[in-house]
Amino acid sequence: MPLKIWIDADACPNVIKDILFKAAERKQLILTLVANRIIATPPSPLIKAVQVAGGFDVADNYIVQQCQANDLVITADIPLAAEVVAKHAYALNPRGELYTKENIKEHLAMRDFMTGLRDTGQVSGGGPSALGQRDKQAFANALDRFLAAHC
């Protein structure tokens, strides 16, 4: 079965979506954006958007149910990445980091550790910094490497 790309689209930056749209057309891959709101997509038979009901982890659960082994999921959500990696799929975050069976446990442990520090007030602040040009380039390079190895 050919590789499919799934995007956890609720929080995926538009610049990353644009890179993915071009890659899907170039490699002739099915690309599906999943979100709990309407997501605009370019006109293409390869690119579609699925709107799921609102609610905690509804889009994540849909992606986990639908993705197959060797598919690629684009997400910054580490628990979602862990679930797709457990299904023998791959996860790539918008900053270009590939989550694999070899590194996902370390990422989950760090996420849980940082959540614990924030919950106890030892660390303030929330998520990562805004996506910059360097991050965009890192993502594009990581995506190209992945597609070259798997397509």
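1. Let's start with burial. In this predicted model, 40% of the chain's 151 residues are buried. As for the outside, the accessible surface comes to about 8500 Å², and carbon and sulfur atoms account for 54% of that surface.

2. Next, the overall layout. You can count 5 helices and 6 strands in the chain. If you trace the sequence from start to end, they come in the pattern β-α-β-β-α-β-α-β-β-α-α. Try following that order with your finger on the picture.

3. Now for contacts across the sequence. Take the contacts between residues at least 6 apart in sequence: 50% of them join residues at least 24 apart.

4. Leu31 is a nice residue to click on. You'll find Leu31 in strand S2, which covers residues 30–35. Is Leu31 buried or exposed? Its relative accessible area is 0%, and the cut-off for buried is under 20%, so Leu31 counts as buried.

5. Who does Leu31 touch? Skipping neighbours within four places in sequence, Leu31 is in contact with Ile5, Ile7, Leu20, Phe21, Ala24, Leu46, Ile47 and Lys48. You can also check Leu31 against Val73: the two are 42 residues apart in sequence, and their C-alpha atoms are 9.8 Å apart in space.

6. Finally, have a look at Asn103. This residue sits in the loop between strand S6 (98–99) and helix H4 (104–119). Which backbone atoms does its side chain pair up with? A polar atom of the Asn103 side chain lies 3.0 Å from the backbone oxygen of Leu98, and the side chain of Asn103 also reaches the backbone nitrogen of Thr100, at 2.9 Å.

Methods:
Residues numbered from 1 in each chain as written. Predicted model: local features only at pLDDT ≥ 70, side-chain atom pairs only at ≥ 80, totals over all residues. Heavy atoms only, no water. Helix = DSSP H or I, 4+ residues; strand = E, 2+ residues; numbered from the N terminus. Buried < 20%, exposed > 50% of the residue type's maximum accessible area, 1.4 Å probe, protein only. Contact = heavy atoms within 4.5 Å. Areas by Shrake-Rupley, 256 points an atom, 1.4 Å probe, with all protein chains shown as cover. Polar contact = N/O pair within 3.5 Å; in protein donor to acceptor, adjacent residues only side chain to side chain.
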